[in-house]
Amino acid sequence: MVVNDTVKHQLAALPKADLHVHLDGSVKPETVLDLAARKGIQLPANTAEGLLPYMQVTDECESLVEYLSKFQFVLRFMQDAESIERIAFELIEQAAAENVIYMEVRFGPHLHTSEGLTHDDAIAAALRGLKRGEERFGVATGLIVICMRHEPETVNREVIAAALRFQGQGVVAVDLAGDEAGYPAALFHELFRPARESGMPVTIHAGEAAGAANIEEAVTGLGAWRLGHGVRLKEDGRVLALVRERGIPLEMCPLSNMQTKAVPGWASYPLRDYLRQGLKVTVNTDNRTVSDTTMTKEYAMLMAQCGLTVEEIAATIRNSLDAAFAEPSKREALKARLQSVCEELGIAL
Ligand SMILES: O=c1[nH]cnc2c1ncn2[C@H]1C[C@H](O)[C@@H](CO)O1
Ligand SMILES: [Zn+2]
């Protein structure tokens, strides 16, 4: 598909949803400059442009583990409530700038406790930022709380307990992220039990740096309602059928998937095949700064590299709104907005 001016206009005008975006992967370099000045922290560069090499991966990135090494740089600026709140607010501002109407932001509270914040403090700060962003920019939001695979089980149990204390107050789900190949899903069955028992939705990063067996475990063992990435589902037809039959949405993040080498290249990127096979595919950014991306950029890449049509892009947005961890009435209202803009733009939904 050629992304001409008409298509660009349609992509800009479409109301979008981003269900999979990490807070610490989406910090603006300008904000790092400002926070470093306030905190008296020495930086390796003194312009936003100059900081990018420390915050972004290049095409030469070889693996998820290498990709994950980029997060250390920003985390030291995210150890106080004010900075977390500000960065969350600014992420909603970034979303609004490209007409994202619904965003679920995720972060790992334990990564923000090295200077004394508790898990609850970190979660409350992120929620304040999202709420303020929601009020200012009219973007509906939710917060997803992440357990990191490499953390001790005791820590992760506390993270889940903290997330549950904020159930119904902005925390909409829990997640498992980090080094998937090093720490398979099977290790975390018990960890997610309290979430399953409390009806807290679970989404699991699976099938990104490990194969379909990890996806099956995420679904049947951990009780995943949605899957982060799920790129490698195609490696096992039986697991693919399971995910399709259960209607489990895939939170795919194309540019990130290229960078972490979840697949060798665009030619083997399965997103369009999944869509056509009836899987509930959604498109997301993962990490706006680390991956140098936006929803608009992801869509343009999918059209140019995988031949998606604007209708198929709109279908992924509808899938996202169907899959949102939000009240049914909110989902329906957002879907009505999408429907009416599609009608105006002449896009069949
Ligand atoms: O794509 C990803 N896969 C697994 N883990 C990830 C990905 N993107 C970010 N993370 C990790 C690194 C962050 O520090 C952490 C919390 O957002 O989540
Ligand atoms: Zn992710």
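**Helix packing and a zinc site**

Helices H7 and H8 lie oblique to each other in this predicted model. The reason is found in the geometry of the pair: H7 (residues 119–137) and H8 (residues 153–165) pack at an angle of about 45°, and their axes are 9 Å apart. An angle of this kind is called oblique because it falls outside the ranges for roughly parallel (under 35 degrees), roughly perpendicular (65 to 115) and roughly antiparallel (over 145). The crossing of H7 past H8 is right-handed. On the H7 side, the contact is made by His-119, Asp-120 and Ile-123, which meet Val-155, Glu-158, Val-159, Ala-162, Ala-163 and Arg-165 of H8. Sorted by class, the residues of this contact comprise five nonpolar, one polar and three charged.

A second helix pair is formed by H15 (residues 310–323) and H16 (residues 328–345), whose axes come within 9 Å and cross at roughly 165°. With that angle, H15 is roughly antiparallel to H16. Here the crossing is left-handed. Ala-314, Ile-317, Arg-318, Leu-321 and Asp-322 are the H15 residues in the contact, and they meet Arg-331, Leu-334, Lys-335, Leu-338 and Cys-342 of H16. Six of the residues in this contact are nonpolar and four are charged, with no polar ones.

Turning to the metal, the zinc ion (ligand 2) is held by four donors at 2.0 to 2.3 Å: NE2 of His-20, NE2 of His-22, NE2 of His-205 and OD of Asp-286. Along the chain, these donors follow the spacing H-x1-H-x182-H-x80-D. His-22 belongs to strand E1 (residues 16–22) and His-205 to strand E5 (residues 202–206), so this pair ties together parts that are 183 residues apart in sequence. The angles subtended by the four donor atoms around the zinc ion run from 83 to 166°, and the arrangement is therefore irregular. For comparison, the ideal angle for four tetrahedral donors at a metal is 109.5 degrees.

How values were computed. Residues numbered from 1 in each chain as written. Chains lettered and ligands numbered in written order. Predicted model: local features only at pLDDT ≥ 70, side-chain atom pairs only at ≥ 80, totals over all residues. Heavy atoms only, no water. Axes fitted to C-alpha atoms, helices over the stretch in contact; angles between N-to-C directions. Helix = DSSP H or I, 4+ residues; strand = E, 2+ residues; numbered from the N terminus. Left-handed = near helix turned anticlockwise from the far one by under 90°. Contact = heavy atoms within 4.5 Å. Nonpolar A, V, L, I, M, F, W, Y, C, P; charged D, E, K, R; others polar. Donors = N, O, S within 2.8 Å, 3.2 Å for Na, K, Ca; no water. Tetrahedral: all angles 85-135°; square planar, octahedral: opposite > 155°, others 65-115°.
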